[in-house]
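Morning, everyone. Let me take you through one structure. Here it is.

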Amino acid sequence: MDFKSLMSAQIAKSKPKPTPSKSPEQQAPSTSSQSPAQKYLRRAELEAAREAAYAAEQARIEAEREERASKKRKLEEEEAERAAAREEKKRRLAEESRRRREEEEREEERKRRKRLGLPEDPPLGGEDGKTATSSTPTTPTPEQDIPDDELRSKLRSLNEPVAMYDETHPSRLRRYYGLTTPSKSLTSSNKPKLSNGPIPTTLELVPERDMLIPSALPPASDTAAHAYLYRQLASYFTLLLAEWSSALSSRDPSVKASSSGKAAHASYLQVLKDLTPLFRRFERADLDHALLDPICQIVRSAQARRYVEANDRYLTLSIGKAAWPIGVTMVGIHERSAREKLHEASDGKQAHIMADEATRKFLQSIKRCLTFAQTRWPPEDLGQLMG
């Protein structure tokens with residue numbers, strides 16, 4: 001076998017075998033079933049399909065957005081309804097609180113007038129308790145209300161305080177009618193007259209030159225001397241409280257607004273409240289002799305600007321000199337001598353501050369008055385200043 005035949009045989013082996021071809025009848029159906037649309041798509045059709053999918057996605061997003069917005073509107077409406085209900089409840093509670101406070105003020109005013117022997121305060125309204133409107137005649141009557149600005153100007157024209165501390169409009173209106181009504185302004189001989197001090201009192205205050213407390217108390221049988229002594233004590237405390245109020249009013253506005261300034265004002269108001277029972281005892285002239293004598297000694301020392309001595313007398317009055325049982329009370333055979341005197345209360349040794357709550361409060365207020373007095377009237381000897 002020559003080279004040519006070998007090469008032909010190898011080439012024939014490397015060639016693939018041809019597949020048997022089908023007849024034209026068999027090829028016709030398959031050729032006719034395949035169309036160019038199954039193999040190719042137009043760009044317009046692809047773009048239309050993409051736009052349809054985008055529109056469907058946008059419609060779904062818009063529907064979700066509308067649903068969320070409707071839920072939000074519903075929540076906002078519910079919250080607005082709850083807020084309106086809360087505001088209505090707060091307004092109703094504030095109205096009830098204001099009405100209750102006015103009723104309490106009217107009741108306190110009625111009790112105060114009854115205690116002082118003053119006539120009953122006229123109501124602001126008619127028989128139904130309602131305040132008269134501005135459509136009533138222009139002549140001022142006890143049933144007519146007055147705007148607050150006009151009421152303040154009228155009080156100012158009467159040389160009266162425009163507004164008292166914590167005074168409401170109804171209280172200010174009653175005060176104005178009490179000053180302008182003829183039946184109230186005319187005082188009879190049996191009606192007590194109140195002073196214009198920080199603590200109003202029916203006692204006739206004496207001038208400052210006559211406030212010096214005598215060194216010895218008058219005898220118990222001398223009623224007139226005791227009455228004058230009570231007038232001296234009331235006059236001194238009224239002078240001291242008036243100076244204290246003037247010192248608080250003359251402070252800088254920034255000092256008044258500070259926490260220490262507010263605390264000082266609150267302390268002053270507490271002293272006014274606690275000293276009121278003492279003034280009422282001065283008016284009734286029924287202060288116990290065990291309290292009257294030490295208080296006179298305290299005031300006498302303060303008037304002489306001996307504040308250390310006044311403080312010592314205050315400590316003697318409030319704490320007392322009786323021995324206080326401290327620590328072990330039963331020590332067996334090693335008991336100290338005169339131990340049985342620990343629980344004995346002799347004259348001048350019992351602590352009067354333990355007597356009752358009102359006594360404790362006005363004794364503490366006297367101590368605060370001493371603290372202010374040494375700053376208002378300082379002593380010449382600095383050793384007389386309390387620590």
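First, a term. When I say helix, I mean a DSSP run of H or I with at least four residues, numbered from the N terminus. And keep in mind that this is a predicted model.

Now helix H4. It covers residues 43–116, and glutamate 81 sits in it. How exposed is glutamate 81? Its relative accessible area is 58%. The cut-off for exposed is over 50%, so glutamate 81 counts as exposed. Glutamate 81 also belongs to a negative surface patch. The other members are Glu76, Glu77 and Glu78.

Stay on H4, but move along to glutamate 102. Is glutamate 102 buried or exposed? Its relative accessibility is 15%. Buried means under 20%, so glutamate 102 is buried. Look across to serine 171 as well. The C-alpha atoms of glutamate 102 and serine 171 are 8.3 Å apart. Along the chain, those two are separated by 69 residues.

Next, the core. In soluble globular proteins, nonpolar side chains tend to be buried together. Here, the largest nonpolar core holds 44 residues. Which of them touch the most other members? Leu241, Leu275, Leu278, Phe282 and Ile366. Five helices each give two or more residues to this core: H8 at 223–249, H10 at 259–284, H11 at 289–303, H12 at 307–318 and H13 at 357–376. H8 contributes the most, with 11 residues.

On to the loops. Two residues to check on your Ramachandran plots. Asparagine 159 has phi near 60 degrees, a positive value in a residue that is not glycine. Where is asparagine 159? In the loop between helix H5, residues 148–157, and helix H6, residues 169–180. Asparagine 159 is exposed, at 72% relative accessible area.

The second is arginine 305. Its phi is near 65 degrees, again positive and again not glycine. Arginine 305 lies in the loop between H11 and H12. With a relative accessible area of 36%, arginine 305 is partly exposed.

Last stop, the start of the chain. Phe3, Met7 and Ile11 make a nonpolar surface patch of about 320 Å². Isoleucine 11 is in helix H1, residues 3–14. Why can isoleucine 11 be called partly exposed? Its relative accessible area is 42%, and partly exposed covers the range between 20% and 50%.

To recap: a negative patch that includes Glu81, a 44-residue nonpolar core, and a nonpolar patch that includes Ile11. Thanks.

Conventions
Residues numbered from 1 in each chain as written. Predicted model: local features only at pLDDT ≥ 70, side-chain atom pairs only at ≥ 80, totals over all residues. Heavy atoms only, no water. Patch = residues over 30% accessible without salt bridge, like charges linked within 9 Å, V, L, I, M, F, W, Y side chains within 5 Å. Areas by Shrake-Rupley, 256 points an atom, 1.4 Å probe, with all protein chains shown as cover. Salt bridge = Lys/Arg side-chain N within 4 Å of Asp/Glu carboxyl O. Lys, Arg positive; Asp, Glu negative; His and termini not counted. Charge placed at Lys NZ, Arg CZ, Asp CG, Glu CD. Buried < 20%, exposed > 50% of the residue type's maximum accessible area, 1.4 Å probe, protein only. Core = buried A, V, L, I, M, F, W, Y, C linked by side-chain atoms within 4.5 Å.
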